[in-house]
Amino acid sequence: MKYSKIMGTGSYLPEKVLTNADIEKIVDTTDEWIVERTGIRERRVASPDENALTMAEIAGQRALEAAGLEPSDLGMIIVASTTPAMVFPSTACLLQARFGIHGCAAFDLNASACAGFIYGFGIADQFIKTGAIKYALVIGSEVMSRIVDWSDRSTCVLFGDGAGAVLLGPSEEPSVLSTHLHADGAYHDVLYLPLNLTKTPSVESLMMNGSRLFKLAVTILDRLFDETLLANQIEKSELDWLIPHQANIRIIQAMAKKLDLSMDRVTVTLDKQGNTSSASIPIALDGAIRDGRIKRGQLLMMEGFGGGLAWGSVLLRY
Ligand code: COA
């Protein structure tokens, strides 16, 4: 039996910081409301010359360097993004060209929104486990600032821009233990980004029913954790880290409580970065690996959920 394992990680955040005080000047809101309801204090915003491709390239390069690999080693590039550089070709193909490599599989995943990175990770894991490919680069890269309505206080305060990447490769020892991917299109109207091809510009703004989504997230993640632990016959007390999608600190705290994990065993980046959609999990993972909090041998659970609704988890021994 072959397994996949994390060989290296990387991330990138744009330089520009937009604080809650800055947002108070744009919409009718307060720092107090945003911090209390979401935990977010500031977020990063891409400059006009940055996009999902430029950020993916830096994060991907950093993951390759951390793994000690070259772009020519890659058998697959997956870019999870709801805000790709182009509709087509995929940001993954554009990245392949920037890397100067030819022939490996390269595609984007946009349908699973904030769960996109977990979906990409699950797909890459299957290809590596079967021996079909050796190395896969899985990236989440988002410029959410370009799809939020900056006059809608209920959504514009929540999101941020950035990219995170994970380099997966083969392992003889068990490392990625299981991946769990799910979706339920019955909830398509809770979070969506309309595309109206009869209009210019044809991409509209992100729409969200926040309170409904909040309740769904808590219920869905609760079930997802049970499923993940049961599939691996492990107790929650064995977990070292939870790396959750960064949507709302109250959701994250509820999930930590469910797993009996103290908050210092949970990666939290949303205070400084907001919700970077499919980039949030790999950015948080990379940060905690690089600063030494997450160590080799520890047991990690990652979870993501987003538009679709789509959700998923990964259990791995790092
Ligand atoms: N500043 C001040 N007031 C705001 C506001 C803002 N930025 N945004 C909304 N409000 C107001 C609303 O207008 C509403 O006012 P009303 O009662 O007079 O109508 C009030 O605050 C409560 O709104 P509500 O949406 O019920 O607040 P909430 O406690 O549910 O918090 C979210 C809103 C969005 C923070 C929360 O629902 C959430 O995080 N949901 C999940 C989001 C998520 O997971 N998204 C990403 C998935 S990938």
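Gly100, just after helix α4, takes a positive phi of about 70°. This is a predicted model, in which local features need pLDDT of at least 70, side-chain atom pairs count only at pLDDT 80 or more, and totals for chains, interfaces and linings use all residues. Residues are numbered from 1 along each chain as its sequence is written, and side-chain values use heavy atoms, with hydrogens and water left out.

Helices (DSSP H or I, at least four residues) and strands (E, at least two) are numbered from the N terminus. Helix α4 spans residues 91–99, and its buried residues (under 20% relative accessible area, 1.4 Å probe, protein chains only) are Thr91, Ala92, Leu94, Leu95, Gln96 and Phe99. Their cover, by contact (heavy atoms within 4.5 Å), includes α3 (52–67), β4 (76–80), β5 (105–109) and β6 (136–143).

The ligand is surrounded by 23 residues (a heavy atom within 4 Å), the closest being Thr29, Arg37, Cys114, Arg153 and Asn248. Polar contacts of the ligand (pairs of N or O atoms within 3.5 Å) are as follows.

| Ligand atom | Protein partner | Distance |
|---|---|---|
| nitrogen | Gly210, polar backbone atom | 3.0 Å |
| oxygen | Ser211, polar backbone atom | 3.5 Å |
| oxygen | Arg250, side-chain N or O atom | 3.4 Å |

On its own, the ligand has 960 Å² of accessible area (Shrake-Rupley method, 1.4 Å probe), of which the protein covers 72%. Two or more shell residues come from each of α2 (31–38), α6 (153–156), α7 (210–231), α8 (249–258) and β12 (299–306). Helix α7 gives the most, with four residues. By residue class, the shell divides into 11 nonpolar, nine polar and three charged, with Gly counted as polar and Cys as nonpolar.

Notes: Buried < 20%, exposed > 50% of the residue type's maximum accessible area, 1.4 Å probe, protein only. Polar contact = N/O pair within 3.5 Å; in protein donor to acceptor, adjacent residues only side chain to side chain.
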